[in-house]
Amino acid sequence: MIKKNKLLIYAITFMIFTISIKLEKNFAAESNVPPVQTESVLFRFNDNAGDIYTIKGISTLKFYMNNHLRQNAVSHWESLQKAMVQTNTGMKFSFSYKSTRQGNETANTSSEFIRKSTGEMLVNSESFFPQSVSVPTFPAEPVKVGHSGESAGEEVIDFRKLGTSEPFRLKFHARYVFKGFESVNGKRLAVIHVFYVVNDNRQRRIYTPVFGRTGGEGSYLPARLMGYFERHFYWDMEQNYWKKMDASINFILTFTGGVTVEWESRVKSEMIKSR
């Protein structure tokens, strides 16, 4: 059984690695294409106290356990980011998030964060939201189509339904490519492609509702959490914020006892700025 579980973990690791290499090659190909436009863009959030960002989205989720589909659901969600006051490190925001599935509320939470104009965020280590911290983050100088670079970020995973009391915080380095321009609802927007992988093997006990107790040493400790994220942001160059975002997200969590669970999600969202 131990040998079988190790082989399973190795196989999943190889799969994530293969996906990562494939997407890295796609990024390399994108970066090596000579840009047609010579226009430079300085990507910056232009936040002022009183600004309100309303983000509405639809997420499709498939949940697998040991490769068997257990759930196929659609969630509608909304988050509000309200700029409160400028600090020495950036604009301080209040944040709220709620989601519904088939008319039933599945989440309703709030927190605060600080965001610099470059997109870098400062979030309390005990907060479960926002989940994607410092995404997107922009370079200091104006860039042209085809520009690529990397920036640090953090993904916050909420496993409270599995009994965890603290968020799983996974650090990563995201790869960015300025792909070009597209017309969305008649407006010319800049398109930013973002990709990153998370990989964590810090074993932390997870409460299992099946047995109603903290999982045993052999069966209910996460052996590895892996996932990849791919996003496209559509940036409004006049109002200085992203207006649309599409994402593909895959998570795989393996336990030392051999159980494997997987989340596969597709997200479409739009953001409106007001006062």
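How many bridges join β2 to strand β16? Select residues 260-274, which make up β16: 14 bridges join this strand to β2, and the two run antiparallel. Strands here are DSSP runs of E with at least two residues, numbered from the N terminus, and two strands pair if DSSP finds at least two bridges between them.

This is a predicted model, in which local features need pLDDT of at least 70 and side-chain atom pairs count only at pLDDT 80 or more, while totals for chains, interfaces and linings use all residues. Residues are numbered from 1 along each chain as its sequence is written, and side-chain values use heavy atoms, with hydrogens and water left out.

**The sheet**

Within the β2–β16 pairing, pick Ser59; its bridge partner in β16 is Val267. Next, add β3 (residues 68-86), which is joined to β2 (residues 52-65) by 14 bridges in an antiparallel arrangement. Tyr53 has Gln81 of β3 as its bridge partner. The two strands form a hairpin with 2 residues between them, and Asn66 in the turn has a positive phi of about 50 degrees.

Continue to β4 (residues 91-101), which runs antiparallel to β3 and is joined to it by 10 bridges. Gln86 is bridged to Met91 in β4. This hairpin has 4 residues between its strands, and Gly90 in the turn has a positive phi of about 150 degrees.

Now show the whole open sheet: 12 strands in the order β6-β5-β4-β3-β2-β16-β15-β14-β11-β10-β9-β7, with antiparallel pairing. β6 (121-123) and β7 (132-133) stand at the edges, each with a single partner strand, so one side of each lacks a neighbour in the sheet.

**The aromatic rings**

The structure holds 19 aromatic pairs; rings of Phe, Tyr and Trp (its six-membered ring) pair if their centres lie within 6.5 Å, with planes under 30 degrees apart counted as stacked, over 60 as edge-to-face and the rest as tilted. Select Phe95 and Phe113, an edge-to-face pair at 6.2 Å centre to centre and 65 degrees between the planes. Phe95 lies in β4 and Phe113 in β5 (residues 104-115), 18 residues apart.

Then add Phe129: its ring centre is 6.4 Å from that of Phe95 and the planes are at 20 degrees, so this pair is stacked. Phe129 is in the loop between β6 and β7, 34 residues from Phe95.

Color by accessibility, where buried means under 20% relative accessible area, exposed over 50% and partly exposed in between (1.4 Å probe, protein chains only). Phe95 counts as buried at 7%, Phe113 at 3% and Phe129 at 7%.
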